[in-house]
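Student: I am new to this structure and would like a close look at one part of it. Please start from a single residue and then work outwards to the parts around it.

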Amino acid sequence: MTAGAFALLLALGAPPAPKTLHAQAGSPQPGQTTPTFRASVDLITTDMIARNSRTEQFIADLKVNEVEIYEDGVKQEIVSFVLTHGGRVLNMLAPPPAPVQEGIILPQRRPTNDAAGRIFLIFIDDFHLQFRETPRTRQLIQKMLRLLIHEGDMFGIVSTGHSSISEQLTYDRQVLESAVERITGGGLTPKEITEGMQTSQGPAELRHRAHVAFATAYDLMRNLEKVQNRRKAVLYISSGYDFDPFVEGRLEEQARRAGISETTDEKGESLAAAEQLRTSSTYRDQRSQQELAATDLIGELYDLTKAANRANATLYTIDPRGLIAGPDIDQDIKMSDWNAYVRETQDSLRVLAENTGGIAIVNQNDFDKGLKRIDNETSDYYVIGYYSSNPDPLRRTRKLYVKTSRPDVSIKARETYSLRPVIQKR
């Protein structure tokens, strides 16, 4: 499944037209300034949350001249400055409006007093949610309806696997309520991973599912780039990712399938089948290839965070497993394997959230607290924009720094963004 169903419906606000200046030929006349040439430059936007450093109260009266944004240490000119606070949207500075793109289908208009500017995209990675987590995931969505998604908020929902959900952006809460009943976890169990087909790159089905999940999420981020001056929160529901899991369990299963039996070494001490396989050069080469293949998937994960930053979308990752104890008894997993698996899956969700300015709700059963925090962060915020003064296309990833001249005010904003990948034409 892909996020193609959102392609036309996500563009609630078309991006500003590329800023292009033209100049007459010839040398500048006295009193004239040398013209500046700029072609096809995208508007770079970032969310910004300003709070009182002592009370944590949101600061809703910042002026444009009190805020500065730097790209790679170079101060940029702010050309858009939009405040959303308490359900009201105030456009304090805006670039020239862009024409509506042909073929874009806009959702039905809402009353102006209902335009809080919030968009929620619920991303259910049911390829990485085990079946036993289905009830908790459904309860989590119901909590979102009660604590997070309010009247007037727009939302969409998409899944990666067996649930087959792809609901267009809507204000209709009944759409989400009906989708809840279709959510079904279909993730691999530890036993299925260790006993499944292994290739030189690792567990074949695990890699396939990771590719599908990231491709679906990546397409979603690409579509979100069309939305400007709106807070875009992606509620990323997943049990996380470990691209090289249960190494010891897979080693033992591989030894069993190879027919290797326990033997004794030169000292007469018993030597387990797995240990015999571990010392072979063939296995060592295989492990090197599998570890290298895992880094490819890690790269896909980081590409997803870059795509989210380009779209100015914040990922809020939520692990419905809650507080994790030991593995199920019927899974027969070594504790060392299990602990490493839990750590990797939780850390992957933290990476997705922290690299896009969001928070990760992992290893906890109190989802209410996390959902209320997301509600606060998506209710009061600024969106500031600028056209980069750095024309170097080779500088793909750039650091952002936002500050204010007002004392006792702390600023939270994303710290990086990446240019779109260059597509080579044949």
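Tutor: Leaving aside residues up to four places away in sequence, P421 touches Y218, R310 and R396, where contact means heavy atoms within 4.5 Å. Everything described here belongs to a predicted model, in which local features need pLDDT of at least 70 and side-chain atom pairs count only at pLDDT 80 or more, while totals for chains, interfaces and linings use all residues. Residues are numbered from 1 along each chain as its sequence is written, and side-chain values use heavy atoms, with hydrogens and water left out.

P421 is found in the segment after β19 (416-418); helices (H or I, at least four residues) and strands (E, at least two) are DSSP runs, numbered from the N terminus. P421 counts as partly exposed because its relative accessible area is 45%, and the classes are buried under 20%, exposed over 50% and partly exposed in between, with a 1.4 Å probe and protein chains only. D303 stands 118 residues from P421 along the chain, yet the C-alpha atoms of the two are separated by 9.8 Å. For the whole protein, residues 24 or more positions apart account for 77% of the contacts with a separation of 6 or more.

The chain around this point can be set against the whole, which has 9 helices and 19 strands and 426 residues, 46% of them buried. Two residues with an unusual backbone angle can be considered next. Most residues other than glycine have a negative phi. N312, in the loop between α7 (281-310) and β14 (313-318), has a positive phi near 55 degrees although it is not a glycine, and N312 is buried, with a relative accessible area of 1%. D408, in the loop between β17 (397-404) and β18, also has a positive phi, of about 60 degrees, and is likewise not a glycine, but D408 is partly exposed at 44% relative accessibility.

From D408 the path leads into a sheet that includes β18. Five strands form this open sheet in the order β5-β4-β16-β1-β18, with antiparallel pairing, two strands being paired if DSSP finds at least two bridges between them. Its edge strands, each pairing on one side only, are β5 (88-93) and β18, and neighbouring strands are turned by 25 degrees against each other on average, direction ignored. At one end of the order, β4 (residues 78-85) and β5 pair in the antiparallel sense over 5 bridges, and F81 has L93 in β5 as its bridge partner. Helix α9 (residues 367-379) lies across β1, β4, β16 (381-387) and β18, running at about 50 degrees to β16; axes are lines fitted to C-alpha atoms, for helices over the stretch in contact, and angles run from 0 to 180 degrees between N-to-C directions.

Strands of this sheet also take part in the lining of a cavity, which is a set of points on a 1 Å grid over the protein atoms alone where a 1.4 Å probe fits but cannot get out, its lining residues having an atom within 4 Å of a point. The second largest cavity has a volume of about 90 Å³, a volume being the space filled by probe spheres set on the points, which are joined across faces, edges and corners. β1 (43-52) and β18 (409-413) each supply at least two residues of its lining, and the largest share, 4 residues, comes from β1. Among the residues lining this second largest cavity are R231, T314, E377 and R414.

R231 leads on to another pairing, since β11 spans residues 231-237. β6 (residues 118-124) and β11 pair in the parallel sense over 7 bridges, with I124 opposite I237, and β6 also pairs in the parallel sense with β7 (residues 154-159) over 6 bridges, with I122 opposite I157. In a regular strand the side chains alternate between the two faces of the sheet. In β6 both faces are covered, with R118, F120, I122 and I124 buried on one side and I119, L121 and F123 buried on the other.

Methods:
1 Å grid on protein atoms, 1.4 Å probe; cavity = no way out; pocket = protein on both sides within 12 Å on 5 of 7 lines; lining within 4 Å.
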